[in-house]
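Please find below some notes on this entry. They take up the sheets, the enclosed space and the confidence of the prediction.

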Amino acid sequence: MNSESIDPREPATGEPRDAGASRSGLTAEEQLAKAKEEAQKFRDNWHRAEADFQNYKRRTEQEREELRRYGNVSIIINLLPVLDDFERAFASLDSHLAGLSWFDGMLLIYRKLRQLLENAGVKPIETEGQAFDPRFHEAVAHVDGEEGKVVSEVQRGYKLHDRVLRPAMVVVGKGKPQEPGAGSQQPEERKTEEEQSQ
């Protein structure tokens, strides 16, 4: 046999087996460190993806809860004028009609409608005697009365849970009028006194 026989354990090029590692310039420790760095990067990405998924689940759960609580808003808003009509009708009827069967039937329907809305989370907004709050009240007029307080209610407002469906239309006090003789005389009164003295 030829003295220069090829060892089957070595590559055909005649270079030692470690030549591939030395060609890329990385030792086994460097390759291990690089692999650990890539593994850490993949792990961080996985944690971020898991956190994004948890946020997505939480967000969809909140949206589902919002839909459950406020999904019937359009129907409820359309029923509020019916409730207003019932209240106006009862306010305008004579008291001697209260014992009639048709009146009792209408009153029962009104109470059922109010109970249905209350079960859905609808509540009337408090108005009379309350401080004017633009989040819940809409001022339609100002009259003499305690300043900043609601004097009367023109149209009832409603909330669904914590959200305003319709603000209450109210009349707000602009302050008590000055009593005669409490301060300076009115210009018209002064003018008439001057005319009399001439």
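1. Two strands are taken as paired here if DSSP finds at least two bridges between them. On that criterion, 3 strands of this predicted model make up an open sheet with the order β1-β4-β5 and antiparallel pairing. Its edge strands, each paired on one side only, are β1 and β5 (163-166). From one strand to the next the twist averages 35 degrees.

2. How many bridges join β4 to β5? Strand β4 (residues 158-160) is joined to β5 by 3 bridges, and the two run antiparallel. Within this pairing, Lys159 is placed opposite Val164 of β5, and Leu160 is placed opposite Arg163 of β5. The hairpin formed by β4 and β5 has 2 residues between the strands, and His161 adopts a positive phi near 60 degrees there.

3. A helix should be described together with this sheet. Helix α3 (residues 73-92) lies across β1, β4 and β5. The angle of α3 to β5 is about 50 degrees.

4. There is also an open sheet of 3 strands in the order β2-β6-β3, and its pairing is mixed. β2 (137-143) and β3 (150-155) are the edge strands, each pairing on one side only. The twist in this sheet averages 30 degrees from one strand to the next. Strand β6 (residues 168-173) pairs with β3 in the antiparallel sense, over 4 bridges. One residue pair can be named: Glu153 has Val170 in β6 as its bridge partner.

5. Enclosed space comes next. Rolling a probe the size of a water molecule over the atoms shows where empty space is left. With a threshold of 30 Å³ or more, the count is 1 cavity. The largest cavity holds about 60 Å³ of space. Its lining is made up of Leu83, Arg114, Leu117, Glu118, Val122, Pro124 and Tyr158. Two or more residues of this lining are given by each of the elements α4 (101-119) and β1 (122-124).

6. Which element gives the largest share of the lining of the largest cavity? That share comes from α4, with 3 residues. By residue class, the lining of the largest cavity has 5 nonpolar residues, no polar ones and 2 charged ones.

7. Confidence varies along the chain and should be stated with any figure. The mean pLDDT of the protein is 80, with 77% of its residues at 70 or more. Among the elements, β1 has the highest mean pLDDT (93), while helix α5 (residues 187-197) has the lowest (46). Over residues 180-198 the pLDDT is below 50, and beyond near neighbours in sequence this stretch has 3 contacts in the model. Where pLDDT is low, the predicted coordinates should not be read in detail.

Technical notes: Residues are numbered from 1 along each chain as its sequence is written. This is a predicted model: local features need pLDDT of at least 70, side-chain atom pairs count only at pLDDT 80 or more; totals for chains, interfaces and linings use all residues. Side-chain values use heavy atoms; hydrogens and water are left out. On a 1 Å grid over the protein atoms alone, a cavity is a set of points where a 1.4 Å probe fits but cannot get out, and a pocket is an open set with protein on both sides within 12 Å along at least five of seven lines; lining residues have an atom within 4 Å of a point. Grid points are joined across faces, edges and corners, and a volume is the space filled by probe spheres set on the points. Ala, Val, Leu, Ile, Met, Phe, Trp, Tyr, Cys and Pro count as nonpolar, Asp, Glu, Lys and Arg as charged, and the others, Gly among them, as polar. Axes are lines fitted to C-alpha atoms, for helices over the stretch in contact, and angles run from 0 to 180 degrees between N-to-C directions. Contact means heavy atoms within 4.5 Å. pLDDT is the predictor's confidence in each residue, from 0 to 100.
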